[in-house]
Amino acid sequence: MPSPGLLVLFGSQTGTAQDVSERLGREARRRRLDCRVQALDSYSVVNLINEPLVIFVCATTGQGDPPDNMKNFWRFIFRKNLPPTSLCQMDFAVLGLGDSSYAKFNFVAKKLHRRLLQLGGRALLPVCLGDDQHELGPDAAVDPWLHDLWGKVLGLYPVPLDLGTIPAGVPLPSKFTLHFLLAAPRVCSEGQRVAGTDPQGPPSEQQPFLAPMVTNQRVTGPSHFQDVRLMEFDITGSGLSFAAGDVVLIQPENTASHTQRFCQVLGLDPDQTFTLLPREPGVPCPARLPQPCSVRHLVSCYLDIASVPRRSFFELLACLSPHELEREKLLHFSSPQGQEELYSYCSRPRRTILEVLCDFPHTAGAIPADYLLDLIPPIRPRAFSIASSLLILVAVVQYQTRLKEPRRGLCSSWLASLDPGQGPVQVPLWVRPGGLTFPQTPGTPVIMVGPGTGVAPFRAAVQERVAQGQSGNVLFFGCRLRDQDFYWEAEWMELEGRGCLTLFTAFSREQERKVYVQHRLRELGPLVWELLDRQSAYFYLAGNAKCMPADVSEALTSIFQEQGGLSGPDAATYLARLQRTLRFQSETWA
C-alpha cells in the first residue's frame, strides 16, 4: 500500500455517517490506498497533528448539535489554547449529513470545516452538504463530491501504475469470519442478551436496562386510522434519571416470521452457533453480540433485515452474485446512473432488505455467511419522547405502498405486540438527553406546539413546570378528531381549570376547511407576539418533519410582520435569532 494512510473519522447518530464512512473506506481500498475508518470519539485526537490526510464525515443532530460519538472530539477541537498552526501538515475534507427542514442545516460540518482551516489545515474541497430531504437522499450531493475527492487525493498521492484499481465487481475481504461450531451449545435468545438487570453504571446502548413493561394501552379511538399506544415501564433499580425533553431509546427485535424467512432464503440453520473473528487486528467484535452466538439471535436481535437498504447494500450484493441477470441488475442499482431506478424500486415503496433478497433468490442463496455483517447494518435503537415518569407515547407505524404487504415500523410494531397482561415482558432501554431544553429562570413563559404524538415531550415538561410552581405554560395541540386522538384531554382540562395551562386546539377534520396548529398560531398572533417579544418566552415545536415545521415557521414570520411591524427580511432575522439563542427549539421526525 502506498503511503500516506487515509484516515476517515465519523460522527454518526443514526448510522448514515458511519455507512458513508465505510463506503469511503471501501473506495479507498479499491484505489489501493491504506485506509482506517473510526468513530471520532474512539480516535485519540492528539494524534491529529501527525495525520497527513483526513476525511471527516459528520451528521448534525437536534438544534445544530454534534452526534453523541463526536462530543468529546468537538470539545477538544474548539479549545481556545490550540495553536493556529496545529494542523498545518494536514490535507482534509469535510462531508456533512443533515436535514434541510432544520434551521441549522449541516451546522456541525460547516463549523468543523471553518475550525480546521483556523488550525492550519488545507481543505481539498468545499464542505459537502448531504440532505436527507432530497428525493435521492444524501447521495445526490455525496456522489459528485466523492468523484472530485478521489481526483484530488490521487493527484496528491498517485497510486503506482502496476497496482491499478480493484474493479467494482470484485468483493473486498469481509470484516469478520464466522467460525461455526460443530457441537452447538444450546443457549436461548433471552439468555444471550448482553443487557443485564443489574448494570454497572447507568444503562447504555452497550448495556441497556431490561425494564418490565407495566401497561400497553391504546389511546386512540377504536375507529381511528392510527393505533397510538401509551406504554409504561418500571425502572426501579435501573439507575436511570431524566428531565423533561429527554428521550428513551429502545432496542427492538425482528419478528419470528421475518427471521425464519431470512434464514430460509439464505439457506442458514437458525440453531447453528458460531464465534465471530475479525480479519484485521485491532478491529473489535460488535459489543451487542454474545460469543458464541446462534444464527437465530444474530438475525432476530442484530441484523436490520426490515430496514430499507442503502446503496452500499446493492454494491456488495452485486459483487457476491453468481447469477448473471441478477448481478447485472444489482450493478445498475449501485451505479450513479441507476439511482432514479433504485429510488423507484426501493426507497419510494420502502422495500426492505428481506424483500430485496427474496427478489434476488439466486444471489441471496449464494451469500457467504462471513459477509452478513458487511452487508446488513445493525438494528439501530429507536428514540421516543418521554411523556412523564417513564411513560412513552408510540404511534404504531403502518402504511400501504404499492407493495402487497403493508409497511410496518419495526420498533413500534414490536412494542405494540407485547402484552404484559399475558405474562412478564421486558424491554431493553436506556435514556439520553433530548433536543429540547426548558428554561430554568422562574417566570419565563413557554409556547409549545405539539400536534399528534409531538405532544408527548410537552406533557412531561408541563408536569415538571407545574410541580415547580411555574405558570405561563401555553400549549397548541392538533389532531384529527376530538373524540378519537385527543391525547390526555382530561388531564389538559384539569390543568387549565387550575390555571396552570393555557390550551389551544386544532381539530383538522371537524369542519369542512382543515384547521392545523399553524392556523391557530396565526389567529392568536397578538398573544404569540406579546409572549415572545415582551415576555421573552421560549418557543418549542415537536412532531412530524414533513410539512408542519415549515408551515409553523411561516406562521411565525407572518406574526412578526403583522404584530411587530417587521419587514420580511427583518422577520426572518428575528426568527433566526430566536433559533440561535435556543428560544426556538424543535424536535421533528420522519
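Select strand β10 (residues 247-250) together with strand β17 (residues 426-432) in this predicted model: the two pair in the antiparallel sense over 4 bridges, and within that pairing V248 stands opposite V431 in β17. Now add strand β13 (residues 382-385), which pairs with β10 in the antiparallel sense, again over 4 bridges, and look for R382 in β13, the residue that stands opposite I250. With the side chains of β10 displayed, are its faces covered or open? Both faces are covered, since V247 and L249 on one side and V248 and I250 on the other are all buried. In a regular strand the side chains alternate between the two faces of the sheet.

Move next to strand β22 (residues 584-589), which is mostly covered, with 5 of its 6 residues buried. Its pairing with strand β21 (residues 538-544) is in the parallel sense and extends over 6 bridges; to find your place in it, select L541, whose bridge partner in β22 is S586. While β21 is on screen, also select Y538 and Y540, an aromatic pair that is stacked, at 6.3 Å centre to centre and with 20 degrees between the planes. Y538 counts as partly exposed because its relative accessibility is 21%, whereas Y540 is buried, with a relative accessible area of 0%.

A second aromatic pair to select is F56 with F73, whose ring centres are 6.0 Å apart and whose planes are at 35 degrees, so the pair is tilted. This pair links distant parts of the chain, with F56 in strand β3 (residues 53-59) and F73 in helix α2 (residues 71-77), 17 residues apart. F56 counts as buried at 0% relative accessibility, and F73 counts as buried at 2%.

Two lysines that sit over rings make a short detour. Select K104 with F107, where the charged end of the lysine sits over the ring, 4.9 Å from its centre; then select K111 with F78, where the lysine lies over the face of the ring, at 4.9 Å from the ring centre.

The following stop is an open sheet of 3 strands, with the order β7-β11-β12 and antiparallel pairing. Which strands stand at its edges? They are β7 (176-180) and β12 (293-294), each with a single partner strand, so one side of each is left without a neighbour in the sheet. Strand β11 (residues 273-278) is joined to β12 by 2 bridges, and F274 has C293 as its bridge partner in β12. Within β7, select L178, which counts as buried because its relative accessibility is 10%. Leaving aside its neighbours within four places in sequence, L178 is in contact with F274, T275, L276, A369 and D370. Of particular interest for a distance label is D370, which is 192 residues from L178 in sequence and 5.4 Å from it in space, C-alpha to C-alpha.

Now select helix α8 (residues 324-333), in which E326, L330 and F333 are buried. Why do these three lie on the same side of α8? They cover an arc of only 55 degrees around the axis, which puts them on the same side of the helix. An α-helix has 3.6 residues a turn, so residues three or four places apart point the same way. Turn the view to the face directed away from this buried side, and you reach the exposed residues E324, L325 and E328. On the other hand, the buried residues of α8 pack against α7 (311-320), α9 (339-347), α10 (353-359) and α11 (361-364). F333 also belongs to a cluster, in which ring pairs link it with F313, F314 and Y345.

From F314 the tour continues into the largest nonpolar core, which has 41 residues; those with the most contacts inside it are F262, L266, L298, L303, F314, L357 and L372. The helix that gives the most to this core is α7, with 6 residues. For a closer view, centre on L303, which, leaving aside its neighbours within four places in sequence, is in contact with N254, F262, L298, L372, I376, P377 and I379. Finally, select A244, W488, L501 and F507, which are included in a second, separate core of 31 residues.

Notes
Residues numbered from 1 in each chain as written. Predicted model: local features only at pLDDT ≥ 70, side-chain atom pairs only at ≥ 80, totals over all residues. Heavy atoms only, no water. Buried < 20%, exposed > 50% of the residue type's maximum accessible area, 1.4 Å probe, protein only. Arc of directions from axis to C-beta. Contact = heavy atoms within 4.5 Å. Pairing = 2+ DSSP bridges. Core = buried A, V, L, I, M, F, W, Y, C linked by side-chain atoms within 4.5 Å. Phe/Tyr/Trp six-rings, centres within 6.5 Å; stacked < 30°, edge-to-face > 60°. Lys NZ or Arg CZ within 6 Å of the ring centre and 35° of its normal.
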